[in-house]
Structure formats: structure tokens, C-alpha cells
Amino acid sequence: MQLNHILARIDFGKLKPTERTRYINRVHGISAVIEERFPHVQRPEQIKLHHAQYYRNHWLPAYSSSIRTQNEHMRAMGLLVRALGRDDSWLGKLGLTSPSSTGGRPSQIKIRKSRKYYR
């Protein structure tokens with residue numbers, strides 16, 4: 001699956017090159033798992049919510065028993081979902097939203113807006 005135009009929308013900001021590479025590899029891994037399980041999904045625009053839910057609910061627990069690793073994969077899933085221009089409701093259904101009262105540091109990774117998705 002070609003993800004170049006999706007990855008171009010992700011602004012990694014001031015991340016170290018190793019962290020940037022780690023996120024890119026995880027996004028590629030997520031798309032590869034989805035493409036393997038659902039062969040009709042050949043472009044990133046074809047990814048639907050149930051594909052992401054399959055990754056979270058079935059593949060990820062079988063792949064990693066570490067909660068920390070699972071959380072890192074889900075952060076990469078959140079980047080992919082936002083870079084695809086999907087609704088924020090997807091993040092809630094995938095369990096990627098945090099309550100506004102928790103606070104914390106803002107993410108260093110931003111998504112560039114594109115006219116293609118925001119007309």
C-alpha cells in the first residue's frame with residue numbers, strides 16, 4: 001500500500017530521527033496488517049473504521065502482550081486516522097481520545113491540512 005501522500009501530511013516537528021522512523025514503520029505495519037486481512041483494501045483511502053477496529057481488537061492483542069507497546073501502536077493508528085482526514089468520532093470509537101481534564105503536554109506531531117480533505 002502506497003502511503004507516501006499520507007505520510008507527507010504528518011509533520012513530525014522536533015522528533016528525533018529514530019522516533020520519526022519508528023512512527024513511520026508502525027504506520028506501514030498497520031497498513032500491511034489491514035491489507036493482509038482485507039485484500040480488497042489496496043489504497044489508504046479505502047481503510048474503514050471496522051478495519052482499524054480489527055487491528056485494535058484482534059491483531060494487536062495477539063501480537064503484543066505489553067500494554068506499552070500496544071499503546072504506542074494505537075498512537076500510530078491515531079496518526080494514520082487523522083492523516084486520512086477521518087472524523088474525530090473514529091478516535092473515540094477506537095479509544096484514542098483522552099478526557100479534557102487530564103491535561104499534559106501537547107503532541108509534537110501535527111497533521112497538515114490539505115485542500116483535498118477540507119473543502
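Here is a walk through how three helices of this structure, H2, H3 and H4, meet one another. Keep in mind that the model is predicted.

Let's start with helix H2, which covers residues 17–37. From its first C-alpha to its last, H2 reaches 30 Å, close to the 30 Å expected for its 21 residues at 1.5 Å a residue. Now look for the side of H2 that is hidden away. Its buried residues are Tyr-23, Ile-24, Arg-26, Val-27, Ile-30, Ser-31, Val-33 and Ile-34. Run along those numbers and you'll find steps of three or four places, such as Tyr-23 to Val-27, or Ile-30 to Val-33. There is a simple background to that: an α-helix has 3.6 residues a turn, so residues three or four places apart point the same way. The buried residues of H2 pack against helix H1 (4–7), helix H3 (49–63) and helix H4 (67–83).

Next, H4. Its 17 residues should span 24 Å at 1.5 Å a residue, and its end C-alpha atoms are indeed 24 Å apart, so the two figures agree. The list of buried residues in H4 includes Gln-70, His-73, Met-74, Met-77 and Leu-80. What covers them? Part of the cover for the buried residues of H4 comes from H1, H2 and H3, and also from strand E1 (10–11), helix H5 (88–93) and strand E2 (110–111). Just after H4 comes Gly-85, with a positive phi near 80 degrees.

So how do H2 and H4 meet? Their axes come within 9 Å and cross at roughly 80 degrees, and H2 and H4 are therefore roughly perpendicular to each other. On the H2 side, the contact uses Tyr-23, Arg-26, Val-27 and Ile-30, while H4 brings residues including Glu-72, His-73, Ala-76 and Leu-80. Sorted by class, this contact of H2 with H4 has seven nonpolar, one polar and three charged residues.

Turn to H2 and H3. Here the axes come within 10 Å and cross at roughly 100 degrees, which makes H2 roughly perpendicular to H3. H2 supplies Ile-30, Val-33, Ile-34 and Arg-37, and H3 answers with His-51, Tyr-54, Tyr-55 and Trp-59. The residues of this contact divide into six nonpolar, one polar and one charged.

The pairing of H3 with H4 looks like this: the two pack at an angle of about 155 degrees, with their axes 11 Å apart. That makes H3 roughly antiparallel to H4, and H3 passes H4 in a right-handed crossing. Ala-52, Tyr-55, Arg-56, Leu-60, Pro-61 and Tyr-63 of H3 meet Gln-70, His-73, Met-74 and Met-77 of H4. By class, there are seven nonpolar, two polar and one charged residues in the contact of H3 with H4.

One residue is worth a stop of its own. His-73 lies in helix H4. Is His-73 buried or exposed? Its relative accessible area is 9%, under the 20% cut-off, so His-73 is buried. The residues that His-73 touches, leaving out those up to four places away in sequence, are Arg-26, Ile-30, Tyr-55, Leu-60 and Tyr-63.

Finally, visit the segment before H1, where you'll find Leu-3. At 1% relative accessibility, Leu-3 counts as buried. Beyond its neighbours within four places in sequence, Leu-3 is in contact with Val-27, His-28, Ser-31 and Pro-44. Although Leu-3 and His-28 are 25 residues apart along the chain, their C-alpha atoms are separated by 7.5 Å.

Note on methods
Residues are numbered from 1 along each chain as its sequence is written. This is a predicted model: local features need pLDDT of at least 70, side-chain atom pairs count only at pLDDT 80 or more; totals for chains, interfaces and linings use all residues. Side-chain values use heavy atoms; hydrogens and water are left out. The expected span of a helix is 1.5 Å times one less than its number of residues. Buried means under 20% relative accessible area, exposed over 50%, partly exposed in between (1.4 Å probe, protein chains only). Contact means heavy atoms within 4.5 Å. Axes are lines fitted to C-alpha atoms, for helices over the stretch in contact, and angles run from 0 to 180 degrees between N-to-C directions. Angles under 35 degrees count as roughly parallel, over 145 as roughly antiparallel, 65 to 115 as roughly perpendicular and the rest as oblique. A crossing is left-handed if the near helix is turned anticlockwise from the far one by less than a right angle, and right-handed if clockwise. Ala, Val, Leu, Ile, Met, Phe, Trp, Tyr, Cys and Pro count as nonpolar, Asp, Glu, Lys and Arg as charged, and the others, Gly among them, as polar.
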